[in-house]
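Welcome to a short set of exercises with worked solutions. Have the viewer ready and try each task before reading on.

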Amino acid sequence: MHDFKFRNKELYCENVKVADVAKAVGTPFYLYSHNTLVDHLTKIQRAFAKVNPIVCFAMKSNGNLAVLKTLANYGAGFDIVSLGELNKARKIGADPKKIVFASVGKTEEEIMIALKAGILFFNVESVPELTEINRIAKRMGKIAPVALRINPDVAAATHNFITTGTLKNKFGIDLASTRKILKERKKYKHIKIIGLHIHIGSQIISAKPFINAIKKLIEFLESLRDEKNDIEYLDIGGGMGIIYKDENPQTAQNYADAILPYLEKTGLKIVMEPGRFIVGNAGIFVTKVLYLKDNGFKKFLIVDGGMNDLLRPSLYDAYHEIVTVKSTSAKTMLMDVVGPICESGDFLGRDRQLPALKNGDLLAVMSTGAYGYVMSSNYNVRCRVPEVLVKDKIFAVVKKRETYEDLLRGETVPSFLKKK
Ligand code: LLP
C-alpha cells in the first residue's frame, strides 16, 4: 500500500497535489507520505505481534529527522551504523534501549559515545572489534552489551552489491569463530554477549533465504551448551523486498507466518532491522522536464534531477517506475530519462514509454523513499534537493534545498596560491 495516487488525472500524495508541492519548493525534490510510513511500520508490528519485536528502523535507508520522528512516535527504534546516525537518533529523542549499532568499522570515538549513550547492543562483526570494544569498555569502567553478527553463509537472490550473508562478503563472523568466541567469552571481561545477529542482504523477495538463515542460526544455538546462557536477543536484520516493477514479494504477514514458528521456538527477544520495507514505497522523487532531445537514433528526455540526486539506477541498474505527475492519454514513445550530469551512466530510467513532454512538465520517480536522498551527493557541484513530508492535507519542507553558499562552506584557497 502506498499513498501516491491519481485523482482527476493529478498525482496526489495523501491529500496534497504533488504539483502544488513543486510550485512551492521548486524541483527536484523528494516527497514522503506520513501515512505510508506508519502503515508499513504497523504492518510489521502486527504481523510479528506474537513475539512483540523491537523494530529498529535501518536509518541508513532514510535518515531524515522527520521520517525518524514519525517512526519513533509509533514505537520504532533504530539500527545505526555511524556516529552521525547516533546523533540523529538522539536529536529526535529516541530511546537508547531501542538502538542497535552495526558496522564492520566502528571507530574508538563511535564505540565510546555509543557506550556512554547506553544503546541496547553493538552488533559485532569481528574478533579484533570485540577486543577493541572490551578495551574501551574497561577504560570507561563499563560492561558493553554485544550481539555477535553471524555470517550464516547463505546466498540471497538479490543484486551482488547488496547480498551480505556469504563468506565472500566482509560482514559478520563465521560460525566456527562465533563458537570459539562464546567458549572464550570470559576472556572479554568488559563485554556481555547478549545476542546473536544476522542480516543476509537487501531487497529479498522470498521468505526462503530468511528461513534458511534463521534455521541455521537456531541449529547453531541449539548446539551450544552453557555458552548461550546470557543470550537474550535474536536480531534477524532487515532485507525484506518491495515492489519496484513486477516483483511479487512476501508480505509482512507471509514473512511472519514463515518464520514465527522458528522464532518462538528460541524463546528469545526478537529485534528486526527493516529499512526499505518501511520507507521504500513511502517516497517519490519529483523532477522537471528540461528538453526532449532526438538524435535521429534515440530519444532522450532530459530532466533536472540526476544520478547525484538518485544513484540507484546508475549504481545498481535499479528500476524505478517513472510517471507523469499529470496523467495524459497522449501517444507515448520510447525514450531514456536522463539527468544533466556529465556521465553516460546518468539516467533515471531507460527505454521508457512516455508522451512527448515539454519543458516544465513534472515526472515522479516512484519508490525512492529508501536509499534515495541518503545516497545523494554534490557531484558536478549541484545542491542537494529538499525533502518534503506530507501528512493528510499539509506538507512541510523537512530538509531545505542546499544553497551555493552551503557548497562553498569549509573550502579555502591557501595563501601560497594567491598571486601577490
Ligand atoms: N541491517 C543491516 C545490518 C544492514 O546492513 C541493512 C542494509 C539493513 C538492516 C536494512 O536492510 P533493508 O531492510 O533496507 O533491506 N543501497 C542499497 C541497499 C544497501 C543495504 C545495506 N544494508 C540499495 O539502494 O538497494
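**Exercise 1. Two residues with positive phi**

Is Val381 buried or exposed? Then compare the setting of Tyr371.

*Solution.* Please keep in mind that this is a predicted model.

Step 1: Val381 has a relative accessible area of 58%. The cut-off for exposed is over 50%, so Val381 is exposed.

Step 2: look at the backbone. Phi of Val381 is near 50°, a positive value in a residue other than glycine.

Step 3: locate Val381, which is found in the loop between β18 and β19. Tyr371 is found in the loop between β18 (362-365) and β19 (387-391) as well.

Step 4: Tyr371 is not a glycine either, yet its phi is positive, at about 55°. With 16% relative accessibility, Tyr371 counts as buried, because buried means under 20%.

**Exercise 2. The ligand and its shell**

Find out which residues hold polar atoms close to the ligand, and where the ligand lies relative to the two domains.

*Solution.* Step 1: the shell has 18 residues, and the closest are Ser202, Glu273, Arg312, Tyr316 and Tyr371. The Tyr371 of the previous exercise is thus among the closest residues.

Step 2: sort the shell by type. It divides into 6 nonpolar, 6 polar and 6 charged residues.

Step 3: check the distances between polar atoms. A ligand oxygen is 2.6 Å from an N or O atom in the side chain of Arg312. A ligand oxygen is also 2.8 Å from a polar backbone atom of Gly239. For Tyr316, an N or O atom of the side chain is 2.8 Å from a ligand nitrogen. Taken alone, the ligand exposes 580 Å², and the protein buries 91% of that.

Step 4: assign the shell to domains. Domain 1 (4-31 + 280-408) and domain 2 (34-277) both give residues to it, so the ligand lies between them.

**Exercise 3. A buried asparagine**

Which polar partners does the side chain of Asn62 have?

*Solution.* Step 1: place the residue. Asn62 is found in the loop between β5 (54-58) and α3 (65-73), and it is buried, with a relative accessible area of 1%.

Step 2: look for side-chain partners. A polar contact of 3.4 Å joins the side chains of Asn62 and Tyr32.

Step 3: look for backbone partners. A polar atom of the Asn62 side chain lies 3.0 Å from the backbone nitrogen of Asn64.

**Exercise 4. Strands and their partners**

Work out how the strands β1, β2 and β3 are arranged, then turn to the side chains of β8.

*Solution.* Step 1: the open sheet has 3 strands in the order β1-β2-β3, with antiparallel pairing. Its edge strands are β1 (4-7) and β3 (16-17), each of which pairs on one side only.

Step 2: count the bridges. β1 and β2 (residues 10-13) pair over 4 bridges, and Lys5 has Tyr12 in β2 as its bridge partner.

Step 3: move to β8 (residues 121-124), where Phe121 and Asn123 point one way and Phe122 and Val124 the other way. In a regular strand, side chains alternate between the two faces of the sheet. All four of these residues are buried.

Step 4: find the neighbour. β7 (residues 99-101) and β8 pair in the parallel sense over 2 bridges, with Val100 standing opposite Phe121.

**Exercise 5. A cis peptide bond**

Where is Pro28, and which residue does a cis peptide bond join to it?

*Solution.* Pro28 sits in the loop between α1 (18-25) and β4 (29-33). The cis bond joins Thr27 and Pro28, with omega about -10°.

Note on methods:
Residues numbered from 1 in each chain as written. Predicted model: local features only at pLDDT ≥ 70, side-chain atom pairs only at ≥ 80, totals over all residues. Heavy atoms only, no water. Pairing = 2+ DSSP bridges. Near = heavy atom within 4 Å. Polar contact = N/O pair within 3.5 Å; in protein donor to acceptor, adjacent residues only side chain to side chain. Areas by Shrake-Rupley, 256 points an atom, 1.4 Å probe, with all protein chains shown as cover. Nonpolar A, V, L, I, M, F, W, Y, C, P; charged D, E, K, R; others polar. Domains from an automatic or database assignment. Buried < 20%, exposed > 50% of the residue type's maximum accessible area, 1.4 Å probe, protein only.
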